[in-house]
Structure formats: C-alpha cells, structure tokens
Amino acid sequence: MEHGSLTDSKNSTFCLMDEDHTLANSVRFLLNKDPRVEFCGYSIPHPSENKVNIRVQTTGDSAKDVLKESFQDLIFLCQHVRSTFEKSVADFKSTQSRQEMNGA
Amino acid sequence: MSETASLNMQDIPQGQLPEHIELQRARVFCKADAPVHTEDVEYSGAYAAVGFDNSLQVDDFRRDFRVEIKNLSMDDIEFDMIGIDASLANAFRRILIAEVPTMAIEKVLIVNNTSVMADEILSHRLGLLPIEADPRLFDFLSENDTPNERNTIVFKMEVHCKKRGPRLTVKSDQLKWLPNGSELLMESPNPSTKPRSFTSFSCSQASLPQISGRPIGMKHLDIIITQLGPGQSIELEAHAVKGTGKVHAKWSPVGTTWYRMLPEVKLLKEVRGNDAEKLVKKCPRKVFDVEDVGHAMKKAVVSRPRDCTLCRECISGAGEENIALRRVRDHFIFTVESTGALPAEVLFTEAVKILEEKCERVISELS
Ligand code: SF4
C-alpha cells in the first residue's frame, strides 16, 4: 500500500492495492459516519488496475488514525454480523428439528 | 431572527428529524416514473442543523442489528438482515460471488479423445462441474508449487462407446476420484531416471483425517458432459485446484446471490367498494386483500407487502395517489444459492470472515 503523505496529517489520500469496491465502499460508509471526518470518498483510477484511492479529510485528527479506526470498526461490525447470523441459523435449525419431531 | 426560527422547530423534539425528512432518510420512494431519494445520506453531520446525529456508533449497531432466517435448505438460504447499510450488504454479496474459494477442475490431461467435442470445449465443461470438497481443507496452488495432496484433487475418466451399439451419454458420474494422485507419467528427458507422475502426493488423500469421513466427488452425478458415438472414446485425467470467482466463474461458490430491500406498501387513503376490488385484481402478486368492514362495505388492505415486486402496476393510472410504494433502506432480504461445495449458511459466514481479513491486512499495512 502506498500512502500519499502530505505536510498536514489531517488530509491524506491512501492507495490500497489489490482491493476494489467491496472494501472501499464499506470503509467509505464507516468513514462518512465518523463525526471526525469532514470529507471522504474513493475512486478506482482505472478499471484494469487493481487499486483504489481513498481520500480522507478530517476536522483535526490524523487521517491515518481515523482510517485505521474505521477498519477496526468494520471488523467489529463483521464479527457482530457473523455471531448474530450464526445464532439465528442455530435457532432456526433447532426449531425446525423440533417441529419435525412433533410432526412425525 | 427568521433564520434561527426555521431551524428551531418547536414541535419537533430535539434529536429527531421532522417526519418527512425521516421518511426520506429511512425509505426509498418508488414513484410511477422513477424511484426517488435513492441515495443514502451517509455524512455524519448531514442533519446537524436540526440536532440529529447521523453518525454510526458500533454499540448502536450491536443493539439494532438483527438477522431472521426465513428459509434454509441443503443449498439455499433466505434471510433478512435488518439494520445494516447497503454498502456492507453489497460487500458480502460481492465477496460471496467473487472471493469465497472453491475447488474446480483447472487442468485436464487428455490421453485420448475421439469424440466430436473438441478438447478445449470438453475441458471447459469439466471445469464448470461443482465438486463436493471442502475448500477450507486445501491450499492455493501457486505457480511454483508442485501439485500435492494438499492443493490438488485428481479425477480420472475413461469411457468408451461400443461399436455397433447405441450412442453413449457421458455424465459426471464417470469422473472417478483418484485419492493417490495422478496415474499418468511425465515424459522424462533422461530415460535412465524413473519417470515421475504429474502430481507428487506423499500420502493418499483418503487417509487424511479431515477428508476420510467424506469422500470427495462430484456434487451432482447426472450432469451431461458429452455424447459418444459408436467406437468413440475419451480417456483423461482432470486436476482440480482451489481458486476464486474473480479469476473464473467456475470457482464461484454460488449459483448466484442477491438481496432486495423490503418493500413497503401503504394505503394513504381508504380504498373502498369497487375500487378495492379493482385494486386487488390489478396487483399481479396478490399483495392486497378485501376486508369486510360491515354494513356491506368493503375496503382494501395490504396483507402481503413482502411479495411486492414493485412492478408499480397499482400506481399507474387511476388511484395512483392512494398508494405509497417504498423500500425500507436498511432491511435486506438476502438469498444465497450454493452450488454445493459448502452449505449456503457456511458460505455467508466465510464471506464475512474474508471481509474481516481484508481489514486486518490493511490495518497491519497502515501500522
Ligand atoms: S407494485 Fe406491483 S406487486 Fe407491488 S403492490 Fe403494486 S401492483 Fe402489487
């Protein structure tokens, strides 16, 4: 990954290699939802190159730290989605088998 | 003075949006000509002027996020994901299609093919066959790796159609798993050395503890691969490796996977009598029902909004102003159709894990 470092740390462009809309759009969503972020957007400079540029401008904090925290939040969200989903599946399976037992 | 007054709406409690703006935030409106308010307002400070906090707190997400399973069978799952943004739902969908790995036939060594189907077409058809093998037990085969029992599955096919007999239909059950690896020998430049086979398995795959319980094979045994005429035969070996749908669709673990936002159908005015009957007839998905309200009066009610396809038939022509069609912005009806390598519900958890891994990789590179 490259890091477009500038003189001020609150505005930066990050270049993620081997990533696409999947990750960039998710993290853009989280960055935009972060009150410390003034502006955030991403672009894929060319469709045949596997990279995305993410622009982060904050109201004062270091853009790199804010970006890192957003990725951390994304991990928390994913973990929660996963555990909720697994629990629902387990519940569904157990009620289903109970119904089958009652039906039989 | 007038400026502050417009922002200071006495009748609306602090931290809440006025009703019409809240609707625009939480719903997509489907109008007769086109949907409006389709875009999500992401910016955390978008409603700062009315004191509404549009930021996302992980704790709030934890509290509000729900999953409801609607349908679960061997290969399919349908569930509702409530309280999540489209960007994340779409990330899961994209990962399911393109980035969850499976095993698929990548290399075909053809010993003999006298059928009318050309080698490359036959190979392509073999590649698309779903293989019942847990991809999590295998490694990716990179360019310089030698194929071994941890990254390659070998199948053999030998079919011959008898002379003066009927034509023979070759189905996927003709592919036989070779747990000991390739049986074909490489041509060696030096005749004195022992010829090597195309794979170097150190042990039989069937003896690996993870695999021994569930022998590897084709998911469906009745897929037609080709037909042989009298006297024609095919002899080949097929090597399956791990890959992702990004590289070739044959590695995609899903037939397809999709989501739609929950439709919301609201009657803005009461629709009575004849109009009610007409409305029920108009809807091809039988979303509306007629209800008796006594005194020989009938009115239309919305009874199955989930079935609505938003075909907009009910808001075209007369009666358009009576109905509001909307979609709930954070309620996704998610369907996964597995091709069979892994059950659909496992595929979804794998997809979420892959997104987590992506984040971890970037975090470690940022540090
Ligand atoms: S949009 Fe179509 S499916 Fe939905 S309620 Fe109207 S007529 Fe029925």
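Hi everyone. Let's start inside chain B, where 13 residues of domain 1 are in contact with 14 residues of domain 2. One thing to keep in mind throughout is that this is a predicted model.

So where do those two domains run? The assignment for chain B gives domain 1 as 25-46 + 58-100 + 253-367, and domain 2 as 102-250. Taken over C-alpha atoms, the centres of domain 1 and domain 2 of chain B are separated by 41 Å. Between them, these two domains of chain B bury about 940 Å², and 55% of that is on carbon and sulfur atoms. Which residues of domain 1 supply the most of that side's buried area? They are Ala98(B), Ala341(B) and Leu342(B), and that trio accounts for 41% of what domain 1 of chain B buries against domain 2.

There is also a pocket with residues from both domains. The second largest pocket holds about 310 Å³ of space. Its lining takes at least three residues from each of domain 1 and domain 2 of chain B. There are 17 lining residues, and those nearest the centre are Glu99(B), Phe140(B), Thr244(B), Ile354(B) and Glu357(B). Helix H8 of chain B, residues 344-366, is the top contributor to the lining of this second largest pocket, with five residues. If you sort the lining of the second largest pocket by class, you find ten charged residues, six nonpolar and one polar.

Now let's bring in chain A. How many residues of chain A are in contact with chain B? The count is 44 residues of chain A, in contact with 45 residues of chain B. The area buried between chain A and chain B is about 4,200 Å², and carbon and sulfur atoms give 68% of it. On the chain A side, Phe29(A), Lys33(A) and Phe85(A) lose the most area to chain B, together 17% of what that side buries.

Please remember Lys33(A), as that residue comes back in the largest pocket. This pocket has a volume of about 630 Å³. Lys33(A) is among the residues closest to its centre, together with Arg25(B), Leu56(B), Gly83(B) and Asp330(B), out of 25 that line the pocket. Several elements of chain B give two or more residues to this lining: helix H2 (19-26), helix H3 (58-64), helix H4 (86-98) and strand S16 (323-338). The largest share, four residues, comes from H3(B). By class, the lining of the largest pocket has twelve charged, nine nonpolar and four polar residues.

Let's turn from pockets to cavities. The count comes to one cavity of 30 Å³ or more, and the largest cavity has a volume of about 80 Å³. Which residues lie closest to its centre? Of the 14 that line the cavity, they are Cys283(B), Val287(B), Cys308(B), Cys311(B) and Cys314(B). The lining of the largest cavity divides into ten nonpolar residues, three charged and one polar.

Finally, a look at the annotations. For chain B, an unreviewed UniProt entry annotates residues 76-365 as "domain: DNA-directed RNA polymerase RpoA/D/Rpb3-type". Over that span of chain B, the model is 20% helix and 33% strand, with the end C-alpha atoms 37 Å apart. For chain A, the UniProt annotation, also from an unreviewed entry, reads "domain: DNA-directed RNA polymerase RBP11-like dimerisation" and covers residues 12-83. That span of chain A is 46% helix and 29% strand, and its end C-alpha atoms lie 34 Å apart.

That's the tour. Thanks for listening, and I'm happy to go back to any part of it.

Note on methods
Residues are numbered from 1 along each chain as its sequence is written. Chains are lettered from A and ligands numbered from 1 in the order in which they are written. This is a predicted model: local features need pLDDT of at least 70, side-chain atom pairs count only at pLDDT 80 or more; totals for chains, interfaces and linings use all residues. Side-chain values use heavy atoms; hydrogens and water are left out. UniProt positions are given in the numbering used here, feature names are shortened, and annotations may be inferred rather than shown by experiment. On a 1 Å grid over the protein atoms alone, a cavity is a set of points where a 1.4 Å probe fits but cannot get out, and a pocket is an open set with protein on both sides within 12 Å along at least five of seven lines; lining residues have an atom within 4 Å of a point. Grid points are joined across faces, edges and corners, and a volume is the space filled by probe spheres set on the points. Ala, Val, Leu, Ile, Met, Phe, Trp, Tyr, Cys and Pro count as nonpolar, Asp, Glu, Lys and Arg as charged, and the others, Gly among them, as polar. Domain bounds come from an automatic or database domain assignment. Contact means heavy atoms within 4.5 Å. Buried area is the accessible area (1.4 Å probe) that two parts lose on being put together, summed over both.
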